[in-house]
Amino acid sequence: KQEKILRLRRLCQAFHAWDMFDHSRSLDFLRIVGGRFVTPYIEALTDLTGVNRRATGYEEVVDLVFNAERCSVQGRYDDAVARLYRAVEMLAQKRLENKWGIDTSRVELDKIPENLRNKYRGFQQSDDTSTIRIALRRAYELLAELNDPVGLCWQKDMKKLLTSLEKRNNSILAHGTIPLGEEDYMQVENVLQSFINEVLKSINVKTRCLQLPSLEIMEM
């Protein structure tokens with residue numbers, strides 16, 4: 001009994017660390033625990049932590065979606081929507097970086113097609129004339145202008161996506177004063193998660209990410 005309780009304790013520590021985005025610590029715990037039921041989670045974490053160089057690079061996006069689902073189960077709808085918002089933002093950032101070598105926090109103008117440079121030069125907010133910073137919406141607009149499938153997916157569903165993202169801006173955890181409820185989360189989740197799934201399919205990305213276990217942890 002003592003051995004089983006100690007194992008369960010380590011599993012709880014591992015998945016709590018994972019839930020708090022401390023993936024390296026979680027991986028350390030799960031490697032100590034071991035076992036065939038734990039192996040898929042270890043594999044998912046090697047991708048998330050970058051230990052596996054064959055990872056797609058989009059694991060963090062999918063992990064945020066699963067984290068949002070867990071928040072919603074706990075009734076933490078503002079937290080859940082914030083995570084979905086960040087997942088959509090990160091998806092554009094990852095695509096620009098992985099495919100085009102563009103860092104949204106420091107966009108180098110010489111990496112943007114020449115016919116678009118004057119437009120993006122107008123977004124500069126400092127004396128640094130070589131780089132600019134772009135946020136979520138402009139990142140997707142740039143992808144669309146690059147004729148990237150991720151940007152084209154955004155362009156197709158932009159109106160409903162912006163409506164859903166606005167709910168996050170109105171959240172008490174962002175710029176608003178009223179907490180979001182279950183109905184708000186369900187509306188946002190339906191639009192944003194569908195968009196993320198469509199985008200990953202369009203660029204042929206499949207991850208090994210997993211939702212964390214619930215009661216089944218007792219059998220691990």
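Begin with the largest pocket, which holds about 220 Å³ of space in what is a predicted model. To display its lining, select Cys12, Phe15, Asp19, Arg70, Val73, Gln74, Gln211, Leu212, Pro213, Ser214 and Ile217. Helix H1 (2–19) and helix H4 (59–73) each supply at least two residues of that lining, and the largest share, 3 residues, comes from H1.

Next, select arginine 208, which you will find in the segment after H9. With a relative accessible area of 36%, arginine 208 is partly exposed. Leaving aside residues up to four places away in sequence, arginine 208 touches Glu43, Ala44, Thr46, Asp47 and Asn52. Two of these deserve a look in turn: the side chain of arginine 208 makes a polar contact of 2.9 Å with the side chain of aspartate 47, and the arginine 208 side chain also reaches the backbone oxygen of glutamate 43 at 3.4 Å. If you then add aspartate 63, you will see a residue 145 positions from arginine 208 in sequence, with the two C-alpha atoms 10.0 Å apart in space.

Finally, select helix H8, residues 149–170, and start at its N-terminal end, where aspartate 148 acts as a cap, a side-chain oxygen lying 2.8 Å from the backbone nitrogen of valine 150. Following H8 along, you come to a kink of about 80°, centred on methionine 158. The 22 residues of H8 should span 32 Å at 1.5 Å a residue, and the end C-alpha atoms are 29 Å apart, which agrees. Colour the buried residues of H8, among them Val150, Trp154, Leu161 and Leu165, and then show helix H5 (77–100), helix H7 (136–145) and helix H9 (182–202), which are included in what covers the buried residues of H8.

Definitions and conventions
Residues numbered from 1 in each chain as written. Predicted model: local features only at pLDDT ≥ 70, side-chain atom pairs only at ≥ 80, totals over all residues. Heavy atoms only, no water. Helix = DSSP H or I, 4+ residues; strand = E, 2+ residues; numbered from the N terminus. Expected span 1.5 Å × (residues − 1). Bend = angle between axes of the 7 residues up to and from the residue. Buried < 20%, exposed > 50% of the residue type's maximum accessible area, 1.4 Å probe, protein only. Contact = heavy atoms within 4.5 Å. Polar contact = N/O pair within 3.5 Å; in protein donor to acceptor, adjacent residues only side chain to side chain. 1 Å grid on protein atoms, 1.4 Å probe; cavity = no way out; pocket = protein on both sides within 12 Å on 5 of 7 lines; lining within 4 Å. Points joined across faces, edges and corners; volume = space filled by probe spheres on them.
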